[in-house]
Amino acid sequence: MKLILKTGLLAAMLFALVGPTTSHANPVYGGSLTLNACAASKAKCVIKLKGCLLGCYNKAVGKGLAPDAACIDKCRNGFQSDAATGKGCTEKADAKGGPVGCAPHFGDGSVVRAKVEAHAIDLYGQLVPGAPGAGGNVGTPPLNKCTAGKIKCVLKYNACVLGIVSKALKAGGPVGNLDKCNAILTNNYLGNGKDSCVGKLETKNDPLGLTPCLTYGDQGQLRTGDDAFVNDIIYGLEKGQLNMNTRRCVSNTFTQCTTDADCSGGAGDCQFFFGSSLPLSAGGTSTCVVTQWNGGISGTFNVENGASIGSANVISRAYLAPTVPEPCPRCLSAGNNDIPNDGVNGGTCTSGTRAGLPCDGNGESPVPSFGMTSLDCPPNPGSIVATLPVDLANNNTGTVTNTLNASS
C-alpha cells in the first residue's frame, strides 16, 4: 500500500539534514514534571513499543535475516491499533484517563507511535550502516552478534531512563538520578573503571578480530540520540505535541507570518523554514546555516516496507560566526529549563540582530556547547557568506547514483 505522506518525508529529511535535537544535553530534562498518571502510563507504553521494535531488529541482525514485517506490525498494534480496537496500550490509557485526565496528550497515540518508529529506524540505520529494510521485510542485514548486542544496550538504557521518567510523572516532581542509566552507555561513568554495555562489546569484538562490530566508538552518539528522543517524548506528554512555527519572514525570521503582507521584504518574504538554525564548526571556522523550503514537497511512502521516494528543494544561507565557540546565536534560559517550541519566550538571544531579546528555543545541537538555537535569534545579515540552493530531488531509500561532469 502506497500513500502520499508529505509529513513523514518532511520529518525524515529534517532529521537527516539538521540531526537530532535536544533541549538539555544531560541529564534528561532539567525541569519538574507535572503529576499525571495517564502520562506515566504512556511513558511505559513507549518503553514497550521501542523495546518490541528493537527486539525485531535485534533478531534480524543477530540471525542475518530481514526485519520481520509481522513482528513490527505486532509492535505497532500493541501500542496503538490501526483498527482502533481500543486494545492498544495508549488507547487503554486514554480510555482510563479520559480527555481531562490525559490532557494535553489525549488521543496522541498515532503521533507518538510515528515518533518511536522513526527513532527506532534511525537507530537501526546508525548501528547497521547502509542496512536495507529498516521499515519492514525488505533486504537482509549482515549477521553481527556485536551489533545485535548494542541494540540490547540501547534498549536497556532507554527502559532505564523512561522508567525513571514514568515514576516522576506518577509522583510529580523532577526526574530522578540517572547515574545507573548513564553507566550503561558511558565507560567509567561512575568512576569505577568499568566499561559500559557497549564498551564491553567493542572490547570483546575488536576491529582486528574475527567478528568485529559494524560500528565502533559510538556509545556517546547513541546516548545523545536517545536523550533527544526521551526529551521529545517528555515534552509531548507535558505540553502536548509542540509546534516550532516554521513559517517566518525571510527578512526577519523572528516574525511569524501567514502572508507576505506580514513581512517587510515584499513578494516571497513569507516562507516555511527547514528546522532551526544549524551551528557548524570545522578547521577553526564556524558558520550558522539557516535553511528554508524552496517550493513544496511531494512523494510516496510505503507503510509496509518503509521505502520512500520524494522530491524537494531548499535554500541554505550560511553566515560567518563572529566567534568560533558560538556558531549561531543561542536562545539561553536560566537553568536550561525552557521548554522549546511551546510558544513561550522563556529564553534570551545571546547575540545576532536580537541580542538580549526574548525567544522560544527551537532545537539544540548534539554538541552541548553550541546550545539551544531559535529562529527567533537570527544571525547578523551582514555576515552572510553564501546562499546555496540544495536539490533534494530523487530522494529515496533505494540506491541513487550521481555522475560527476565538468559543471559539477
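In this predicted model, the side chains of Arg 113 and Glu 117 come together in a salt bridge, with N and O 3.4 Å apart. The two sit 4 residues from each other in helix α5, which amounts to about one turn of the helix. Arg 113 is buried, and Glu 117 is buried too. This pair doesn't stand alone: Arg 113 and Glu 117 are tied to Asp 73 and Arg 76 in a network of salt bridges.

Over in helix α3, Arg 76 pairs with Asp 73, and here the closest N and O atoms are 2.8 Å apart. Again the spacing is about one helical turn, because Arg 76 and Asp 73 are 3 residues apart in α3. As for exposure, Arg 76 has a relative accessibility of 11% and so counts as buried, while Asp 73, at 29%, is partly exposed.

Then there is the bridge between Arg 248 and Asp 376, whose closest N and O atoms lie 2.8 Å apart. This one joins distant parts of the chain: Arg 248 belongs to strand β4 (residues 247–249), Asp 376 to the loop between β16 (372–373) and β17 (384–391), and 128 residues separate them. Arg 248 is buried, with a relative accessible area of just 2%, and Asp 376 is buried as well, at 7%. Altogether, the count of salt bridges comes to 11.

Turning to the nonpolar side of things, the largest nonpolar core takes in 56 residues, and those touching the most other members are Leu 33, Val 46, Val 161, Val 165, Leu 169 and Val 230. Two or more residues each come from α2, α3 (69–79), α5 (109–127), α6, α7 (179–185), α8 (197–204) and α9 (219–239). Helix α6 gives the largest share of this core, 13 residues.

Helix α6 shows up again on the surface, where it provides the largest share of a positive patch, 3 residues. The patch is made up of Lys 44, Lys 48, Lys 87, Lys 92, Lys 96, Lys 156, Lys 167, Lys 170, Lys 180, Lys 194 and Lys 200. At least two of its residues come from each of α2 (37–63), α4 (89–101) and α6 (145–171). One of the patch lysines, Lys 96, is placed in helix α4. With a relative accessible area of 79%, Lys 96 is exposed.

Methods
Residues numbered from 1 in each chain as written. Predicted model: local features only at pLDDT ≥ 70, side-chain atom pairs only at ≥ 80, totals over all residues. Heavy atoms only, no water. Patch = residues over 30% accessible without salt bridge, like charges linked within 9 Å, V, L, I, M, F, W, Y side chains within 5 Å. Areas by Shrake-Rupley, 256 points an atom, 1.4 Å probe, with all protein chains shown as cover. Salt bridge = Lys/Arg side-chain N within 4 Å of Asp/Glu carboxyl O. Lys, Arg positive; Asp, Glu negative; His and termini not counted. Charge placed at Lys NZ, Arg CZ, Asp CG, Glu CD. Buried < 20%, exposed > 50% of the residue type's maximum accessible area, 1.4 Å probe, protein only. Core = buried A, V, L, I, M, F, W, Y, C linked by side-chain atoms within 4.5 Å.
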